[in-house]
Amino acid sequence: MYVAVKGGEAAIANAHRLLADRRRGDRTLPSITIQQVVEQLGLAVDRVMAEASLYDRELAALAVRQARGDMIEAIFILRAYRTTLPRFGYSEPVNTATMKVERRVSATYKDLPGGQLLGPTFDYTHRLLDPSLIDDAAVEEPAVKEPGEHVMRVSDILDGEGLIEGDGRMPEGHVMGDLTREPMEFPMARDLRLQALARGDEGFLLALAYSTQRGYGRTHPFVGEVRIGEVEVELDLPELGFAVSLGVVRVTECQMVNQFMGSAKQPPQFTRGYGLVFGQSERKAMSMSLVDRALRTDEFSEDIVAPAQDQEFVISHADNVQATGFVEHLKLPHYVDFQAELDLVRRMRRDYEAANSGEPTKERREAAE
Amino acid sequence: MNDLATYNFAYLDEQTKRMIRRAILKAIAIPGYQVPFASREMPMPYGWGTGGVQVTASILGPKDVLKVIDQGADDTTNAVSIRAFFQKVADVAVTTKTKEATIIQTRHRIPEEGLREGQTLVYQVPIPEPLRFLEPRETETRKMHALEEYGLMHVKLYEDIARNGHIATTYAYPVKVEGRYVMDPSPTPKFDNPKMHMSEALQLFGAGREKRIYAVPPYTEVVSLDFDDHPFEVQKFDKPCALCGAENVYLDEVVLDDKGGRMFVCSDTDHCEDRRDCGHAGHMLARQEAAE
């Protein structure tokens, strides 16, 4: 006798118990602390903060540990927390010109005011496995310059000559949008697109950016500048009449400089693609700036010929929490719909066999009439 | 960090609930129209009922009695999980009885038992746009709805008939609401479509990932699209339910062994149990009793 599957509740509870066990792993080993994750897996923490749009290293580290290192799961956990937080207001735009720069490189000039500053980068490391890390060998103290000096932005150098379009400005009276509070609508203004890209999946943006380099919506890019460092976040308080500092966040900014031959409306000049993300992630900031530029087709009267230029395609599919949820929901039961399809396929098979045996079915006859 | 994990009644903050209720009211005022809303991240994944959960969270009061079904059953894992979520964050009474529930959240089915006035059926919707697979662009489909331009849908159904002799859509079968908007009934089998027509209950549809809410108010005309010479038909099953003997209900096919053995049982588990409690028995149950 068939007994319908029961006890979903107990099964779920047991699955979660097993998950907790697997997350903790071998109990004879010490558990990693949140602080250890913050300090030693800092770039994982950065990615979670960036794509969850919540700047809090400890909470992001907790999410990483809770998710067993699954980045998208960690991003998801942190976002589900962020969404419940009240909004007190929106900060003033951060001024990256006053960034305390830890890294700053430009590909467009050999040398420039402020110099090229490599900072903590994987670039030029040889990717050889380092056995000394197995035993936690002592690490040298770094040689660092006193930070502090403001470093001129490369885009400002070009701007001085009038060779590059102005810094992106929204039309007069434009109210800054917020994707997490308003439903999306297309066509979408650049401020909202940038928000979506900043929260978007690093891998997806990387692939799209790469596609523009390989000819699917080519933008002729140069890295004007990538800079990483701390900027102050300020909130304007109407009661006070001036902005107060809320604290400091570490961000990566990329200003991509793109060739533009000019159109009927605009003279030939360089154009910009912009990327800004929480924490240290050049890959993400650079990808974002390439995709941002590719999406600005309407401003430069460019034809949409490639996926990276199609804002509805890019923005609708950039969010990894949405994407993973919908892809993975396919493992939920679908047997009711499948039953309906089974029934249909069986019926069509009967028709097919009848047709091949030469006898027209009733329906086919009717359709032919 | 210990004071972090406190959440409002039914998880969502009151401002968010107010925003969602506004969207619901607009949806009720324009039956079948998809109202954009600022869907929130929920603590369950997109595609797992976040839209339905947000709608339920926004209309749920402390005195409500909640029923959650998935594939018609109260005991499928995701239904269990969503029910447990509301017990946890709203401490609300839950039931498996269709009759007793004030709010029923569902995925893929409408209960067999007729709903009555005062009940609300909340559907979880994956893709709210009935025209999506004919036209992938939201900018285009919104225009088509605005202009009541549904020719493409009829062409699709016609092509089905030309190719197969019948309409080959078995679930998420498009309907026209109150003679105006073409609407996706969510991926319920078309068997359930007639239950939506002139339903006494309020029907709300939430699509979280796609950020849309739509509604069918009580006593609203819901007509499945068809042609005069190819009228809409629902699925028919050859046999009654093997456990309760019910006919004209939607059945799940259960594989019994590796020799092609199959049985068909009610997809609506509450309906099936209810009938068995009233003494109805299908052939599998009768055989079981005879063996005892």
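**Domains, chain sizes and helix packing**

Biologist: Into which domains is chain A divided?

Modeller: Chain A is the one being split here, with domain bounds taken from an automatic or database domain assignment. The pieces are domain 1 (10-82), domain 2 (96-122 + 147-325) and domain 3 (333-364).

Biologist: Before we go on, what kind of model is this?

Modeller: Residues are numbered from 1 along each chain as its sequence is written, while chains are lettered from A and ligands numbered from 1 in the order in which they are written. Local features need pLDDT of at least 70, side-chain atom pairs count only at pLDDT 80 or more, totals for chains, interfaces and linings use all residues, and what you have is a predicted model.

Biologist: What separates the centres of domain 2 of chain A and domain 3 of chain A?

Modeller: Take the centres over C-alpha atoms for both domains. The separation then comes out at 54 Å.

Biologist: What radius of gyration does chain A have?

Modeller: Chain A holds 13 helices and four strands (DSSP runs numbered from the N terminus: helices are H or I with at least four residues, strands E with at least two). Its C-alpha atoms fill a box of roughly 85 × 70 × 55 Å along the principal axes. The radius is taken over C-alpha atoms, and the globule rule is 2.2 Å times the number of residues to the power 0.38. A compact globule of 369 residues would sit near 21 Å, but chain A has 27 Å.

Biologist: And how does chain B compare with a globular protein of that length?

Modeller: Chain B has eight helices and twelve strands. Its radius of gyration is 20 Å, close to the 19 Å that the globule rule gives for 292 residues, so chain B is as compact as a globular protein of that length.

Biologist: Which classes make up the side of domain 1 of chain B that touches domain 2 of chain B?

Modeller: Chain B is divided into domain 1 (14-223) and domain 2 (251-291). The contact (C-beta atoms, placed from the backbone, within 7 Å) takes twelve residues from domain 1 of chain B and five from domain 2 of chain B. For the classes, Ala, Val, Leu, Ile, Met, Phe, Trp, Tyr, Cys and Pro count as nonpolar, Asp, Glu, Lys and Arg as charged, and the others, Gly among them, as polar. The domain 1 side has two nonpolar, four polar and six charged residues.

Biologist: Between the chains, which element gives the most to the side of chain B that touches chain A?

Modeller: The contact takes 50 residues from chain B and 45 from chain A. Elements of chain B giving two or more residues are α3 (77-90), α4 (138-146), α5 (151-164), β11 (251-255) and α8 (283-291). With four residues, the one that gives the most is α3(B).

Biologist: How is α1(A) oriented to α3(B)?

Modeller: The axes of helix α1 (residues 8-24) of chain A and α3(B) come within 9 Å and cross at roughly 80°. Axes are lines fitted to C-alpha atoms, for helices over the stretch in contact, and angles run from 0 to 180 degrees between N-to-C directions. Under 35 degrees counts as roughly parallel, over 145 as roughly antiparallel, 65 to 115 as roughly perpendicular and the rest as oblique. That makes α1(A) and α3(B) roughly perpendicular.

Biologist: Within chain A, what handedness has the crossing of α7(A) and α9(A)?

Modeller: The axes of α7 (residues 190-199) and α9 (residues 282-295) of chain A come within 10 Å and cross at roughly 150°. That makes α7(A) roughly antiparallel to α9(A). A crossing is left-handed if the near helix is turned anticlockwise from the far one by less than a right angle, and right-handed if clockwise. Here α7(A) passes α9(A) in a crossing that is right-handed.

Biologist: Then what about the crossing of α8(A) and α9(A), left-handed or right-handed?

Modeller: Helix α8 (residues 202-213) of chain A packs on α9(A) at about 55°, with the axes 8 Å apart. That makes α8(A) oblique to α9(A). The crossing is left-handed.

Biologist: Any backbone oddities: which peptide bond is cis?

Modeller: Look in the loop between α6 (154-160) and α7 of chain A, where Pro187(A) has its place. Omega is near -5° for the bond from Phe186(A) to Pro187(A).

Notes: Two residues are in contact if their C-beta atoms, placed from the backbone, lie within 7 Å.
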